[in-house]
Amino acid sequence: QVQLVESGGGLVQPGESLRLSCVASEFAISTAFMSWYRQRPGKERELVAGRAGANYTDSVKGRFTMSRDDAKKTVYLQMINLEPEDTAVYYCNYGGLRGYWGKGTLVTVSS
């Protein structure tokens, strides 16, 4: 099975930037099948950047950018101008909702 490991989360102040990474195991076919989700406190899990960056949730457009390195089986999420509303556990996904998930990395945006 595919294993996913996220990293890069932490505590930042509003307006700052953060870069998340997700490394997939050798069983992953392509990073083209990978996406980023997040779950904010008290809310349902939502798609942030889908289809390897082909689409973004409206609330993050212009601020978040997904990129990938298929040779390293790694995807990234560059987040700029972070807001308190971006506070969430961010999850890496392979293969869609019925696919595989990482354990998540916590991003906290607070002054």
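**An antiparallel sheet and the setting of E6**

In the predicted model, residue E6 lies in strand β1. This strand belongs to an open sheet of 4 strands, in which the order is β1-β3-β8-β7 and the pairing is antiparallel. The two edges of the sheet are formed by β1, spanning residues 4–7, and by β7, spanning residues 64–69, each of which pairs on one side only. On average, and with direction ignored, neighbouring strands of this sheet are turned by 15° against each other. In general terms, the strands of a sheet pair through backbone hydrogen bonds, in either a parallel or an antiparallel manner.

Within this arrangement, strand β8, which comprises residues 74–79, is joined to β7 by 6 bridges, the two strands running antiparallel. Two residue pairs illustrate the register between these strands: M66 has L77 of β8 as its bridge partner, while D69 stands opposite T74 in β8. The strands β7 and β8 together form a hairpin with 4 residues between them, and K73, located in the turn, adopts a positive phi of about 50°. Strand β8 is also joined by 6 bridges to strand β3, which covers residues 18–24 and likewise runs antiparallel to β8; here C22 stands opposite V75 of β8. Strand β8 is mostly covered, with 5 of its 6 residues buried.

The edge strand β1 carries a charged residue in a buried setting, since E6 is buried yet has no salt bridge. The nearest side chain of opposite charge is that of K103, at a distance of 7.9 Å, whereas the cut-off applied to a salt bridge is 4 Å between a side-chain nitrogen of Lys or Arg and a carboxyl oxygen of Asp or Glu. The side chain of E6 is nevertheless placed beside backbone nitrogens: that of K103 lies 3.2 Å from one of its polar atoms, and that of G104 lies 2.9 Å from a polar atom of the E6 side chain. K103 therefore appears in two roles with respect to E6, its side chain being 7.9 Å away and its backbone nitrogen being within the 3.5 Å limit used for a polar contact.

When neighbours within four places in sequence are left aside, the residues in contact with E6 are S21, C22, W36, Y90, Y91, C92, G102, K103, G104 and T105. This set includes C22, the residue that stands opposite V75 in β8, as well as K103 and G104, whose backbone nitrogens lie 3.2 Å and 2.9 Å, respectively, from polar atoms of the E6 side chain.

Note on methods. Residues are numbered from 1 along each chain as its sequence is written. This is a predicted model: local features need pLDDT of at least 70, side-chain atom pairs count only at pLDDT 80 or more; totals for chains, interfaces and linings use all residues. Side-chain values use heavy atoms; hydrogens and water are left out. Two strands pair if DSSP finds at least two bridges between them. Axes are lines fitted to C-alpha atoms, for helices over the stretch in contact, and angles run from 0 to 180 degrees between N-to-C directions. Buried means under 20% relative accessible area, exposed over 50%, partly exposed in between (1.4 Å probe, protein chains only). Lys and Arg count as positive and Asp and Glu as negative; His and the chain ends are not counted. A polar contact is a pair of N or O atoms within 3.5 Å; within protein, one must be able to donate a hydrogen and the other to accept it, and residues adjacent in sequence count only if both atoms are side-chain atoms. Contact means heavy atoms within 4.5 Å.
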